[in-house]
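Here is a short tour of some side-chain packing and polar contacts. Please have a viewer at hand and follow along.

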Amino acid sequence: MIAVTDKAKDKIFELRKQDGHSNNHNLRVLVKGGGCSGLMYDLEFDATTKEGDEVFEDKGIKILVDKKSLLYLLGTTLDFSDGLNGKGFQFINPNATRTCGCGESFSV
(Lines give C-alpha, C1' and ligand atoms only; values in the text may rest on other atoms or scores of the structure.)
Protein backbone atom coordinates (compact mmCIF):
# COMPACT_ATOMS: atom_id res chain seq x y z
CA MET A 1 0.00 0.00 0.00
CA ILE A 2 1.11 3.54 -0.74
CA ALA A 3 -0.43 6.29 1.39
CA VAL A 4 -0.99 9.91 0.39
CA THR A 5 -1.01 12.84 2.81
CA ASP A 6 -3.68 15.53 2.56
CA LYS A 7 -1.13 18.05 1.23
CA ALA A 8 -0.01 15.62 -1.49
CA LYS A 9 -3.64 14.82 -2.39
CA ASP A 10 -4.47 18.50 -2.80
CA LYS A 11 -1.40 19.11 -4.96
CA ILE A 12 -2.11 16.06 -7.15
CA PHE A 13 -5.68 17.23 -7.77
CA GLU A 14 -4.39 20.75 -8.53
CA LEU A 15 -1.72 19.53 -10.98
CA ARG A 16 -4.09 17.14 -12.72
CA LYS A 17 -6.56 19.97 -13.34
CA GLN A 18 -3.79 22.43 -14.29
CA ASP A 19 -2.40 19.96 -16.86
CA GLY A 20 -5.87 19.45 -18.37
CA HIS A 21 -6.16 15.79 -17.37
CA SER A 22 -9.51 14.21 -16.58
CA ASN A 23 -10.37 12.30 -13.42
CA ASN A 24 -9.54 9.14 -15.43
CA HIS A 25 -5.85 10.05 -15.22
CA ASN A 26 -4.35 8.29 -12.24
CA LEU A 27 -1.00 8.81 -10.57
CA ARG A 28 1.70 6.42 -11.73
CA VAL A 29 4.59 5.99 -9.28
CA LEU A 30 7.77 4.45 -10.68
CA VAL A 31 11.20 3.57 -9.38
CA LYS A 32 13.99 3.92 -11.94
CA GLY A 33 17.72 3.46 -11.83
CA GLY A 34 19.68 6.70 -11.44
CA GLY A 35 20.24 9.58 -9.10
CA CYS A 36 23.11 9.94 -6.69
CA SER A 37 21.89 7.06 -4.47
CA GLY A 38 21.20 4.55 -7.26
CA LEU A 39 17.40 4.60 -7.51
CA MET A 40 15.02 7.46 -8.11
CA TYR A 41 11.30 8.13 -7.93
CA ASP A 42 9.20 9.22 -10.88
CA LEU A 43 5.61 10.49 -10.91
CA GLU A 44 3.36 10.91 -13.94
CA PHE A 45 -0.32 10.94 -14.82
CA ASP A 46 -1.54 7.89 -16.72
CA ALA A 47 -5.05 7.05 -18.00
CA THR A 48 -4.24 3.41 -18.70
CA THR A 49 -3.60 0.47 -16.43
CA LYS A 50 -0.88 -1.81 -17.76
CA GLU A 51 -0.69 -5.56 -17.34
CA GLY A 52 0.92 -6.36 -14.01
CA ASP A 53 0.08 -3.00 -12.41
CA GLU A 54 -1.01 -2.90 -8.80
CA VAL A 55 -3.67 -0.29 -8.12
CA PHE A 56 -4.01 1.42 -4.74
CA GLU A 57 -6.39 4.14 -3.70
CA ASP A 58 -5.96 6.59 -0.84
CA LYS A 59 -7.90 9.80 -0.22
CA GLY A 60 -9.50 9.57 -3.67
CA ILE A 61 -6.15 9.23 -5.49
CA LYS A 62 -5.71 6.08 -7.57
CA ILE A 63 -2.06 5.06 -7.66
CA LEU A 64 -0.65 2.74 -10.33
CA VAL A 65 2.57 0.85 -9.59
CA ASP A 66 4.35 -1.76 -11.70
CA LYS A 67 5.45 -4.93 -9.91
CA LYS A 68 9.16 -4.09 -10.01
CA SER A 69 8.63 -0.67 -8.46
CA LEU A 70 6.24 -2.06 -5.87
CA LEU A 71 9.05 -4.02 -4.23
CA TYR A 72 10.72 -0.72 -3.34
CA LEU A 73 7.57 1.23 -2.48
CA LEU A 74 5.53 -0.93 -0.10
CA GLY A 75 4.65 1.09 2.98
CA THR A 76 5.69 4.41 1.42
CA THR A 77 3.86 7.66 2.13
CA LEU A 78 3.75 10.38 -0.53
CA ASP A 79 3.84 13.89 0.94
CA PHE A 80 4.15 17.40 -0.46
CA SER A 81 6.23 20.18 1.03
CA ASP A 82 6.12 23.84 0.09
CA GLY A 83 8.32 25.17 2.86
CA LEU A 84 11.47 27.24 2.89
CA ASN A 85 13.70 24.19 2.47
CA GLY A 86 12.22 23.31 -0.88
CA LYS A 87 9.02 22.61 -2.70
CA GLY A 88 7.91 19.31 -4.11
CA PHE A 89 6.75 15.78 -3.52
CA GLN A 90 8.57 13.78 -0.87
CA PHE A 91 8.61 10.02 -0.41
CA ILE A 92 8.70 8.71 3.14
CA ASN A 93 9.96 5.23 2.33
CA PRO A 94 10.61 2.74 5.15
CA ASN A 95 12.51 0.51 2.69
CA ALA A 96 15.18 3.11 1.89
CA THR A 97 18.44 2.62 3.73
CA ARG A 98 19.95 5.80 2.33
CA THR A 99 18.58 8.88 0.60
CA CYS A 100 20.32 11.77 -1.09
CA GLY A 101 20.13 15.31 0.23
CA CYS A 102 17.49 16.40 -2.27
CA GLY A 103 15.25 13.41 -1.48
CA GLU A 104 14.85 12.39 -5.13
CA SER A 105 16.97 9.27 -5.00
CA PHE A 106 17.50 6.41 -2.55
CA SER A 107 19.05 3.00 -2.08
CA VAL A 108 17.89 -0.16 -0.34
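A residue counts as buried when its relative accessible area is under 20%, and as partly exposed when the value lies between that limit and 50%. The model shown here is predicted, and that cut-off is put to use straight away. F80 has a relative accessibility of 8%, so F80 counts as buried. F89, at 24% relative accessibility, counts as partly exposed.

**Aromatic pairs**

A pair of aromatic rings is described by the distance of the centres and the angle of the planes. There are two such pairs in the structure. In one of them, the planes of Y41 and F91 stand at 10 degrees with the ring centres 3.8 Å apart, so this pair is stacked. The stacked pair joins distant parts of the chain: Y41 belongs to strand β3 (residues 39-46) and F91 to strand β7 (residues 86-92), with their positions 50 residues apart. Both Y41 and F91 are buried.

F80 and F89 form an aromatic pair too; their planes stand at 65 degrees and their ring centres are 5.0 Å apart, so this pair is edge-to-face. Planes over 60 degrees apart are what that label asks for. Of these two rings, F80 is buried at 8%, whereas F89 is partly exposed at 24%.

**R28 and D53**

Now for the polar side of things. R28 sits in strand β2 (residues 26-33), while D53 is found in the loop between β3 and β4 (54-58). Are they buried or exposed? R28 has a relative accessible area of 2%, so R28 is buried. D53, with 14%, is buried as well.

Which polar contacts do these side chains make? The table lists them with their distances.

| Side chain | Partner | Distance |
|---|---|---|
| R28 | D53 side chain | 2.6 Å |
| R28 | D46 side chain | 2.8 Å |
| D53 | K50 backbone nitrogen | 2.7 Å |

The R28 side chain thus has polar contacts with the side chains of D46 and D53. On the D53 side, a polar atom of the side chain lies 2.7 Å from the backbone nitrogen of K50.

The wider surroundings can be read from the contacts, leaving aside residues within four places in sequence. For R28 they include D42, L43, E44, T48, T49 and K50. D53 touches R28, T48, L64, V65 and D66. R28 also has L64 and D66 among its contacts.

Technical notes
Residues are numbered from 1 along each chain as its sequence is written. This is a predicted model: local features need pLDDT of at least 70, side-chain atom pairs count only at pLDDT 80 or more; totals for chains, interfaces and linings use all residues. Side-chain values use heavy atoms; hydrogens and water are left out. Rings of Phe, Tyr and Trp (its six-membered ring) pair if their centres lie within 6.5 Å; planes under 30 degrees apart count as stacked, over 60 as edge-to-face and the rest as tilted. Helices (H or I, at least four residues) and strands (E, at least two) are DSSP runs, numbered from the N terminus. Buried means under 20% relative accessible area, exposed over 50%, partly exposed in between (1.4 Å probe, protein chains only). A polar contact is a pair of N or O atoms within 3.5 Å; within protein, one must be able to donate a hydrogen and the other to accept it, and residues adjacent in sequence count only if both atoms are side-chain atoms. Contact means heavy atoms within 4.5 Å.
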